[in-house]
Amino acid sequence: MAFTDFLFALKPHFLPILIATIVLVTYIIKIHGCRFLDKKRKYHPVGGTVIHQLFNFHRLLEYMTDLTIKRKTYSLLSFTRSEVYTSDPANVEHMLVTNFSNYGKGWYHHNVLTDLLGDGIFTVDGEKWRHQRKSASYQFSTKLLREFSGSVFKSNAVKLAGIVSEAAISNNIIELQDLFMKSALDSVFKVILGVELDTMCGTYREGTQFSNAFDEASAAIMFRYVNFLWKVQRFLNIGSEAVLKKSLKVIDEYVYKLIRSKIEQSQKPQDNSIGLKGDILSRFLDLNETDPKYLKDIILSFIIAGKDTTAITLSWFLYQLCKNPHVQEKIAQEIREATKVENGSIIDELAAKVTDESMEKMQYLHAALTETLRLHPALPVESKYCFSDDKWPDGYSVRKGDLVSFQPYVMGRMKFLWGEDAEKFRPERWFDENGSLKKESSFKFTAFQAGPRICLGKEFAYRQMKIFSAILLGSHSFKLADQMKLVKYRTMLTLQIDGGLYAYALKRNI
């Protein structure tokens, strides 16, 4: 939502909001006064306030990058706490590993996220988190899920390549991010729920409605982090909170309907076959997890983890390849060599040769995807709640109740971490002097987090992105429809390209 829209929505309710603002300003003085008078501890320098974030919401990550260039770690004053932001790998390691138990989602994140994600794995701590983490870890480690998901990814990648091929033949512009979002949603729904959405071809109206509602809800939830009046808006049902309420109704009704249908199917002996056991929901039902609310929260957490992340990364990946055509051609050549595809082959024949063995040989593709994640992480900000007073490796203190964050987007642009060419897309940085792929510290390259909360689906995501990339780039080349247009992100929980990614596709002679 634009800031002007935000102000327009508040206009009819100006008086109660003004009163609330005065109360909050008084409260912030009370909250932070003792901090400035504390002579025993040294706190991080103040970089600004959440008011500054609100006015810079349309360019929030650039604003945070500018602050980080001045200081590796700084605080922003909020109305209820300090918000500490760091790009220091030592501080990140302290939060994620060394003193892991002291940093979690806490009541604050749960309060902001629960309307969308409920008590899912991204909003809870303690026993609830451990239980879901253990269950999810088991699911991701099964051979059945790996084989089932692989066939789903390949099938949807071939379908997507077919749509791209039709556009190439007719020389039509295609919106790549929209296609990636639809194909990722189709894939994740099939893998998680065993349901064919087919949003790519638009044959399933409810699936499209769900996808749109999920994006709107995600944007509204993100706005809560800088909109200190979101509870007032929710009470008055105005602005972004009104949009969120409407979107959540669509999401909940649809997911609950799918869960009920799946439970009914699982109770029919004739449907209790191996073929229906590949999806994650069926696996949870096999473990006697039948609480609809619990299943809905897990499903939505998996969807936001599996849909947006891969689709967004592939969108920025194709954008960077269009801006760097020499990289695009190098990857295409590597795909042809790894798959040994013959001239004149069709897309299905190429897909058949995209195997685990051939993908293992696509090292430059892997490096280019990783470089994309460095500059365009699907989750640009990671925040934790500080449960008790602590001292960080940089010598500064944080207080109980502080919101502490590291920002993968910002860290990927820091010269002190990546060198003078930090903002340049250069896949070669991921190879050592021997030409082998090298690993960077997960406290420096933070796209997948680290420690106990490291992303369970990391290898799962790489596999999906490699399959889609190999089939698309092995069969087509791409160029931007408007080479001069400045591509921007949409400020939300995930780093979507604002307005989409428009390009031309050209068929390769494979």
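**Exercise 1.** In which hand, left-handed or right-handed, does H14 pass H21 in their crossing? Describe the packing of this helix pair in the predicted model.

*Solution.* Let's start with the handedness: the crossing of H14 past H21 is right-handed.

Next comes the geometry. H14 spans residues 292-323 and H21 spans residues 458-475; their axes come within 10 Å and cross at roughly 40 degrees. Angles under 35 degrees count as roughly parallel, and 65 to 115 as roughly perpendicular, so H14 is oblique to H21.

Now look at who touches whom. H14 contributes Gly306, Thr310, Thr313, Leu314, Phe317, Leu318 and Leu321, while H21 offers Ala461, Gln464, Met465, Phe468, Ser469 and Leu473. Sorted by class, this contact holds eight nonpolar and five polar residues, with no charged ones.

**Exercise 2.** Find the angle at which H14 and H15 pack, and classify the pair.

*Solution.* Helix H15 covers residues 325-339; its axis lies 5 Å from that of H14, at an angle of about 110 degrees. The range from 65 to 115 degrees counts as roughly perpendicular, therefore H14 and H15 are roughly perpendicular to each other.

On the H14 side, the contact uses Phe317, Leu321, Cys322 and Lys323; on the H15 side, Pro325, Val327, Gln328 and Ile331. The class tally is six nonpolar, one polar and one charged.

**Exercise 3.** Place these helices in the whole protein: how many helices and strands does it have?

*Solution.* The protein has 21 helices and eleven strands. Of its 510 residues, 55% count as buried. Finally, the exposed area is about 22300 Å², with carbon and sulfur atoms supplying 56% of it.

How values were computed. Residues numbered from 1 in each chain as written. Predicted model: local features only at pLDDT ≥ 70, side-chain atom pairs only at ≥ 80, totals over all residues. Heavy atoms only, no water. Axes fitted to C-alpha atoms, helices over the stretch in contact; angles between N-to-C directions. Helix = DSSP H or I, 4+ residues; strand = E, 2+ residues; numbered from the N terminus. Parallel < 35°, antiparallel > 145°, perpendicular 65-115°, else oblique. Left-handed = near helix turned anticlockwise from the far one by under 90°. Contact = heavy atoms within 4.5 Å. Nonpolar A, V, L, I, M, F, W, Y, C, P; charged D, E, K, R; others polar. Buried < 20%, exposed > 50% of the residue type's maximum accessible area, 1.4 Å probe, protein only. Areas by Shrake-Rupley, 256 points an atom, 1.4 Å probe, with all protein chains shown as cover.
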